[in-house]
Amino acid sequence: MHLRVPPPAVFAICAALIFLIDTLLPFFSVGFPGQIVLTLLLVAAGVLTGAQAVLSFLHNKTTVDPREPKTTTALVTGGVYRFTRNPMYLGLLCLLLATSVYSGTLAAVIIVPAFIWYLTEFQIKPEEAALQSNFGETYESYRKRVRRWI
């Protein structure tokens, strides 16, 4: 791994930045009808996606700790993993989007793509290399069938 910052910590930093910018620059925020409903839908999507992913890992008796992908003992491809290779990160993204919608800050236009880029470069790509090394052709076949984010 390039950096050993757990993805939930990256999410927390980005969410804190969103709230900090919203607090310091309230004129940089917008409100709109349905804002709370959209926020709640994104929270539900994030929690459900992330929870199913974690439960799938626990069911397959493999690690949920993303800092050491070489310790992975099973390639999970069922459940939500049929639609995205990274449902835990997709869940965090939904929660970050919920934070952005709730605050209404336009800074999210920068922070959310930065979050996606950071996780892709420093977490997902190293994980993919480790999974390729651990599972070879099985992982390669899965990678060709299922998109990285969605």
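The paragraphs below walk through a predicted model, starting with its nonpolar core and going on to its salt bridges and its aromatic pairs. In this predicted model, local features need pLDDT of at least 70 and side-chain atom pairs count only at pLDDT 80 or more, while totals for chains, interfaces and linings use all residues. Residues are numbered from 1 along each chain as its sequence is written, and side-chain values use heavy atoms, with hydrogens and water left out.

A good place to begin is the largest nonpolar core, a term that stands for a set of buried Ala, Val, Leu, Ile, Met, Phe, Trp, Tyr and Cys residues joined through side-chain atoms within 4.5 Å. Here buried means under 20% relative accessible area, exposed means over 50%, and partly exposed covers what lies in between, as found with a 1.4 Å probe on protein chains only. The largest core has 30 residues, and those that touch the most other members are Y81, Y89, L96, F115 and W149. Two or more residues come from each of the elements α1 (7-24), α2 (35-59), α3 (87-103) and α4 (108-145), where helices (H or I, at least four residues) and strands (E, at least two) are DSSP runs numbered from the N terminus. Helix α4 gives the most to this core, with 10 residues. To see what surrounds one of these core residues, look at Y89, which, leaving aside its neighbours within four places in sequence, is in contact with P7, P66, F115, L119, Q123, I124, E127 and W149; contact means heavy atoms within 4.5 Å.

Charged side chains come next. Side chains of opposite charge can pair when their charged atoms come close. The structure holds four salt bridges, each being a side-chain nitrogen of Lys or Arg within 4 Å of a carboxyl oxygen of Asp or Glu. In one of them the side chains of R85 and E128 meet at 2.6 Å, N to O, and this pair links distant parts of the chain, since R85 is in the loop between α2 and α3 and E128 is in helix α4, 43 residues apart. Both R85 and E128 are buried. E128 also forms a salt bridge with R148, whose closest N and O atoms are 2.7 Å apart; R148 lies in the segment after α4 and E128 in helix α4, so the pair ties together parts that are 20 residues apart in sequence. R148 counts as partly exposed because its relative accessible area is 26%, whereas E128 counts as buried because its relative accessibility is 12%.

Another salt bridge joins the side chains of R143 and E140 at 2.5 Å, N to O, and these residues both lie in helix α4, three residues apart, about one turn of the helix. R143 is partly exposed at 32% relative accessibility, while E140 is buried at 16%. Through shared partners, salt bridges join R85, E128 and R148 into one network.

The last topic is the aromatic rings. The structure holds five aromatic pairs, in which rings of Phe, Tyr and Trp (its six-membered ring) have centres within 6.5 Å, with planes under 30 degrees apart counted as stacked, over 60 as edge-to-face and the rest as tilted. F57 and Y81 form a stacked pair, 5.5 Å centre to centre with 25° between the planes.
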